[in-house]
Every structure is written in C-alpha cells, then in structure tokens.
Amino acid sequence: MNKKHIPRLMVSTRWEAARWCHRYDSVLTVFSPWYYCDWGHDDHKIVEFADRYHYQDGAPTVDQIDDILSWGDSRRDVRSMLVHCKAGQSRSTAVAISLFALWGMDEEEAVEHVYSNCRPQEKVGERPFIPNRRVLELADGILGTRLSAHARDVDSTRDPEWLDGWLETAVGL
C-alpha cells in the first residue's frame, strides 16, 4: 500500500473531542447511541456501537467497521484526523490501529504508532490504551491482518499493572 502520506491522528475522549474537534480536518466518533456528539464539524462521521467484546447487543458489526474503513480510506490525504469514543481507550484506539493498517502500516507498526503518537503526552501512563478486541477482529477479517494478536502483545507490556484483573472485570469472569 501507499504510505507516502498518513494523516496525523489523535485519539481522544468525548470531552477532549468537544474542545479540539475544529483543530482537525476530519472527526470520527465511535460512540454509544445514547450520547450526543455532533459539534458542527464539516467532516464528522458518527458510527454508533457500544464498547462490547462479544456478540452482545450493541457490539460493533462487520458492516460498521467496513463503513469506518471505507470512510477512512477516502480521507487518507487529509492532514489530520481526530478519532474519539467516550473514554479514549478502547473503541477509538482499535479504530485508529485499524486505520493505520488500512493506510499501509504493518500490524506491529500500526499498534506501536497508536501507542506512541496518538494521545496527548500528558495522558501517557494516566489513560492506558486497551483496544476493543471485537473491532480489531472485525478489521482483521476485512483487511486480512492480525491486528488483534499484535495489540494483545503490546497491552501486556505497556500497561500491565492497569490490566491486572481488567479482563475478568470487563467480561464478568
């Protein structure tokens, strides 16, 4: 794929996005349907799904992830993009990783780029990235990648103390 130009991408929370959205050429909201997140940006895509990890109600679908990737593909030449969800940790992170893979980065490079370059420096260590596995698995199926495997490897080395007990809590084990 052509990696000549890859947009500068920032992952953020809902509240950060409300303040920063007009600094970016394009804005992508991946959010639960009961929240309002339209701030009048000229190029704002909203895709509604809950932060679910299994085939539960509200979990992302392959059609939604395909829609996001199609939208992202048509914006590969923008200078900057803001991707946000509620907390800026799970859905938005997984979507950002998927977009970088779409734009030509290999799996390891895409995951590392998001962890290293796509959150405000003052948030490193304060707000860990825990990419939504379902989003990554669906993107893997569309792109023919292994993003979910690479993200899992990075999670265990980046924020291990935060992750202790997280999976059990998240899925009710």
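Is Leu9 buried or exposed? The points below take up this residue and its surroundings.

1. Basis of the note. This is a predicted model, in which local features need pLDDT of at least 70, side-chain atom pairs count only at pLDDT 80 or more, and totals for chains, interfaces and linings use all residues. Residues are numbered from 1 along each chain as its sequence is written, and side-chain values use heavy atoms, with hydrogens and water left out.

2. Overall make-up. Eight helices and four strands are found in the chain; helices (H or I, at least four residues) and strands (E, at least two) are DSSP runs, numbered from the N terminus. Read from the N terminus, the order of elements is β-α-β-β-α-β-α-α-α-α-α-α.

3. Burial and surface. The chain has 173 residues, of which 54% count as buried. Buried means under 20% relative accessible area, exposed over 50%, and partly exposed in between (1.4 Å probe, protein chains only). About 8,500 Å² of the chain is exposed, and carbon and sulfur atoms supply 47% of that area. Accessible areas come from the Shrake-Rupley method with a 1.4 Å probe; for residues, only the protein chains shown count as cover.

4. Contacts along the sequence. Contact means heavy atoms within 4.5 Å. Of the contacts between residues at least 6 apart in sequence, 67% join residues at least 24 apart.

5. Leu9. Leu9 is buried, its relative accessible area being 3%. It belongs to strand β1, residues 8-12. Beyond its neighbours within four places in sequence, Leu9 is in contact with Met81, Val83, Ala96, Leu99, Phe100, Trp103, Asn117 and Cys118. One of these partners, Asn117, is 108 residues away in sequence, yet the C-alpha to C-alpha distance is 8.2 Å.

6. Ser92. This residue is part of helix α3 and counts as buried, at 0% relative accessibility. Its contacts, leaving aside neighbours within four places in sequence, are with Val11, Ser12, Val30, Val83, His84 and Cys85. Ser92 and Thr29 are 63 residues apart along the chain, and their C-alpha atoms are separated by 7.9 Å.

7. Helices α3 and α4. The axes of α3 (residues 91-102) and α4 (residues 107-117) come within 8 Å and cross at roughly 135 degrees, which makes α3 oblique to α4. Axes are lines fitted to C-alpha atoms, for helices over the stretch in contact, and angles run from 0 to 180 degrees between N-to-C directions. Angles under 35 degrees count as roughly parallel, over 145 as roughly antiparallel, 65 to 115 as roughly perpendicular and the rest as oblique. The crossing is right-handed; that is, the near helix is turned clockwise from the far one by less than a right angle, whereas an anticlockwise turn would be left-handed. Thr93, Ala96, Ile97, Phe100 and Ala101 of α3 meet Ala110, Val111, His113 and Val114 of α4.

8. Helices α3 and α5. Helix α5 spans residues 133-143 and packs against α3 at an angle of about 15 degrees, with the axes 9 Å apart. α3 is therefore roughly parallel to α5, and this crossing is also right-handed. On the α3 side, Ala94, Val95, Ile97, Ser98, Ala101 and Leu102 meet Val135, Leu136, Ala139 and Leu143 of α5.

9. Cysteines. The structure holds zero disulfides, a disulfide being a pair of cysteine sulfur atoms within 2.5 Å. Cys85 is buried at 2% relative accessible area, and Cys118 is buried at 1%.
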